[in-house]
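Let's take a walk through this structure together. Have the sequence and the 3D view ready, and follow along as we go.

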Amino acid sequence: MKRKTVQVSVAPIIINEKLGDFFIDIAKLVFAGVVLSTLLDITSDKLLVLLLGIGATIGLMLLGFKLYP
């Protein structure tokens with residue numbers, strides 16, 4: 001009796017994992033930028049910067065975690 005061997009491709013899993021890492025890293029950079037800009041008082045409208053930064057961070061984190069296998 002012969003057994004069939006099936007070759008499974010892992011390329012899409014690796015690509016999704018790398019994209020997930022990328023979006024999580026971008027989210028960390030956005031969050032750090034928002035915190036630094038508010039601490040250094042670079043912008044005049046702190047609330048808008050904080051809301052946009054936190055929203056972008058959450059969105060990028062969710063996208064990054066969704067791309068993980």
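Is Phe31 buried, partly exposed or exposed? Phe31 is partly exposed, because its relative accessible area is 44% and that label covers values between buried (under 20%) and exposed (over 50%), using a 1.4 Å probe and protein chains only.

A word on what you're looking at: this is a predicted model, where local features need pLDDT of at least 70, side-chain atom pairs count only at pLDDT 80 or more, and totals for chains, interfaces and linings use all residues. Residues are numbered from 1 along each chain as its sequence is written, and side-chain values use heavy atoms, with hydrogens and water left out.

Now for the overall layout. The protein has two helices and zero strands; both kinds of element are DSSP runs numbered from the N terminus, with helices (H or I) having at least four residues and strands (E) at least two. Helix α1 takes in residues 11-39, and helix α2 takes in residues 46-67. Of the 69 residues in the protein, 16% are buried. About 5,800 Å² is exposed, and carbon and sulfur atoms supply 71% of that; accessible areas come from the Shrake-Rupley method with a 1.4 Å probe, and for residues only the protein chains shown count as cover.

Back to Phe31, which sits in helix α1. Together with Leu50, Ile54, Ile58 and Leu62, Phe31 makes a nonpolar surface patch of about 450 Å². Helix α2 gives the largest share of that patch, four residues. To belong to a patch, a residue needs over 30% relative accessible area and no salt bridge; nonpolar side chains (Val, Leu, Ile, Met, Phe, Trp, Tyr) are joined within 5 Å, like charges within 9 Å.

Phe31 also turns up beside Thr57, a residue of helix α2. Thr57 counts as buried because its relative accessibility is 12%. Neighbours within four places in sequence aside, Thr57 is in contact (heavy atoms within 4.5 Å) with Ala27, Val30 and Phe31. Another threonine, Thr38, lies in helix α1 and is buried too, at 15% relative accessibility. With the same kind of neighbours left out, Thr38 touches Lys46 and Leu50. Thr38 and Val49 are 11 residues apart in sequence, and their C-alpha atoms are 7.9 Å apart in space. As for contacts between residues at least 6 apart in sequence, 75% join residues at least 24 apart.

Next, the charges. Side chains of opposite charge can pair when their charged atoms come close. The structure holds one salt bridge, meaning a side-chain nitrogen of Lys or Arg within 4 Å of a carboxyl oxygen of Asp or Glu. Lys28 forms it with Asp25, and the closest N and O atoms are 3.3 Å apart. Lys28 and Asp25 are three residues apart in helix α1, so about one helical turn separates them. Asp25 is partly exposed, at 39%.

Finally, the rings. There is one aromatic pair: Phe22 and Phe23, edge-to-face, at 5.4 Å centre to centre with 65 degrees between the planes. Rings of Phe, Tyr and Trp (its six-membered ring) pair if their centres lie within 6.5 Å, and planes under 30 degrees apart count as stacked, over 60 as edge-to-face and the rest as tilted. Phe22 is partly exposed, with 47% relative accessibility.
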